[in-house]
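Visitor: I would be grateful for a close look at one helix pair in this model and at the space enclosed beside the helices. Please treat the packing and the cavity together.

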Amino acid sequence: MSESMRKFKEMADGAETIAVRFGSPRSAQSEAGKANDIAKALAGALAHQTFLKAGKKSHIDADNLNERTKNCVNALFDENSDAFRQNFEAKENILIKLDTKNFPVSSLKYEQEGDTLKIILESPEAKSFDPKTVSVEKEAVPMDLLLLIDPAEAEVESLLSETAHKNAVKLSTKEKSLAVKSAEILEAFFGEIPDEFKEALWFLAAHEEKTSHPPKKETLALLGRLLDQNLSHEKIKKAKEALRPADFWKLFGRALARSSFEKETATTWAFLPKADFEKTNESEKSLSAILEEMRGLRPESNFFALLWESSTEPAVKSVNALLAGNNHAKLKMLAELMNASPASSYFFAKGFATFSEAELKIRGFIRRVL
């Protein structure tokens with residue numbers, strides 16, 4: 001067990017309540033901006049289910065996941081149950097605040113009068129006290145541990161502030177894949193990978209390896225270990241069908257037909273006009289999945305650029321972009337040039353007037369990075 005994993009296990013062992021939170025690209029204010037990254041969803045569900053199995057009170061915020069992602073994850077655990085179920089609700093306290101500088105309090109007591117709770121304050125300034133100066137508000141009870149699943153650097157601060165907590169840990173992909181880290185967490189808790197987690201872990205490892213170039217030795221080794229554990233291929237098949245239904249492949253085919261590989265920058269480009277969404281009955285929720293499939297086909301590319309015409313604002317013609325890369329440092333540089341922040345190995349950019357404008361500007365930024 002690594003030193004970092006040992007420290008994480010110690011924090012988790014000492015925690016009674018744990019919160020699992022996903023990051024989502026804030027820059028894309030559309031359906032495409034939802035946290036529908038299947039790798040993050042699986043890593044979050046695996047951690048959440050690990051805490052539940054270990055007897056912890058675990059709370060996971062899956063409201064920002066789309067239905068396809070949820071259905072895929074559920075199929076890998078148990079399609080008749082909810083992998084994101086929680087065994088407790090986050091609690092809140094009621095706070096009553098007043099300014100003791102202007103209204104000094106000499107004593108405080110409370111009395112129960114029937115169904116009414118009376119809070120009695122004694123003060124030399126009682127006669128001049130204005131009740132309007134008292135504020136009543138709610139405050140979340142801090143979680144013992146907050147686990148963030150591979151958030152973008154720019155959203156860490158907001159994620160930390162959204163959930164009250166005592167300790168926080170970030171599960172990122174900078175050193176190891178989410179699958180390898182998830183396997184380490186499972187083995188830290190249980191000494192092995194329990195049977196009920198093996199299909200979800202295999203799906204996560206296979207998904208990450210598909211877009212990895214060059215292949216990662218640790219992830220390949222994990223896949224080999226899991227293949228020896230009598231996987232349920234029926235579960236995996238149902239999960240794939242839930243994540244990529246027939247209409248998805250229709251839209252992906254159109255993106256593939258309008259794709260090209262640019263040798264100079266080793267960039268794979270693809271374009272989707274608004275009409276393609278209408279003709280295939282698909283929406284922008286499929287964009288990150290389309291990008292993932294393209295990355296699997298051309299993993300040797302330095303960068304991937306999926307450009308689409310927004311279908312959510314019919315009165316305004318706008319082109320947005322979803323950009324990805326295999327080199328984290330270079331992708332971060334590209335994102336900074338475009339006033340964005342990468343989430344895992346991709347980021348969103350928006351506000352272009354035409355495909356041509358978007359392509360020219362993005363190509364210029366890529367050349368500066370290379």
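Guide: What follows describes the packing of helices α2 and α5 in this predicted model, and then the cavities. Helix α2 spans residues 38-53 and helix α5 spans residues 178-190. Their axes lie 10 Å apart and form an angle of about 5°. Because angles under 35 degrees count as roughly parallel, α2 is roughly parallel to α5. On the α2 side, the contact is made by A39, K40, A43, L46, T50, F51 and K53. These residues meet L178, S182, I185, L186, F189 and F190 of α5. By class, the contact residues comprise 9 nonpolar, 2 polar and 2 charged.

The same two helices also contribute to the lining of a cavity, as each of α2 and α5 gives two or more residues to the second largest one. That cavity holds about 30 Å³ of space, and its lining consists of A43, L46, A47, T50, L171, S182, I185 and L186. Helix α2 provides the largest share, 4 residues. The lining divides into 6 nonpolar and 2 polar residues, with no charged residue.

The structure has 2 cavities of 30 Å³ or more. The largest encloses about 100 Å³ and is lined by 14 residues, with N36, L243, R244, K285 and A289 nearest its centre. Helices α3 (67-77) and α11 (287-297) each supply at least two of the lining residues, and α11 gives the largest share, 3 residues. In this lining, 4 residues are nonpolar, 5 polar and 5 charged.

Notes
Residues numbered from 1 in each chain as written. Predicted model: local features only at pLDDT ≥ 70, side-chain atom pairs only at ≥ 80, totals over all residues. Heavy atoms only, no water. Axes fitted to C-alpha atoms, helices over the stretch in contact; angles between N-to-C directions. Parallel < 35°, antiparallel > 145°, perpendicular 65-115°, else oblique. Contact = heavy atoms within 4.5 Å. Nonpolar A, V, L, I, M, F, W, Y, C, P; charged D, E, K, R; others polar. 1 Å grid on protein atoms, 1.4 Å probe; cavity = no way out; pocket = protein on both sides within 12 Å on 5 of 7 lines; lining within 4 Å. Points joined across faces, edges and corners; volume = space filled by probe spheres on them.
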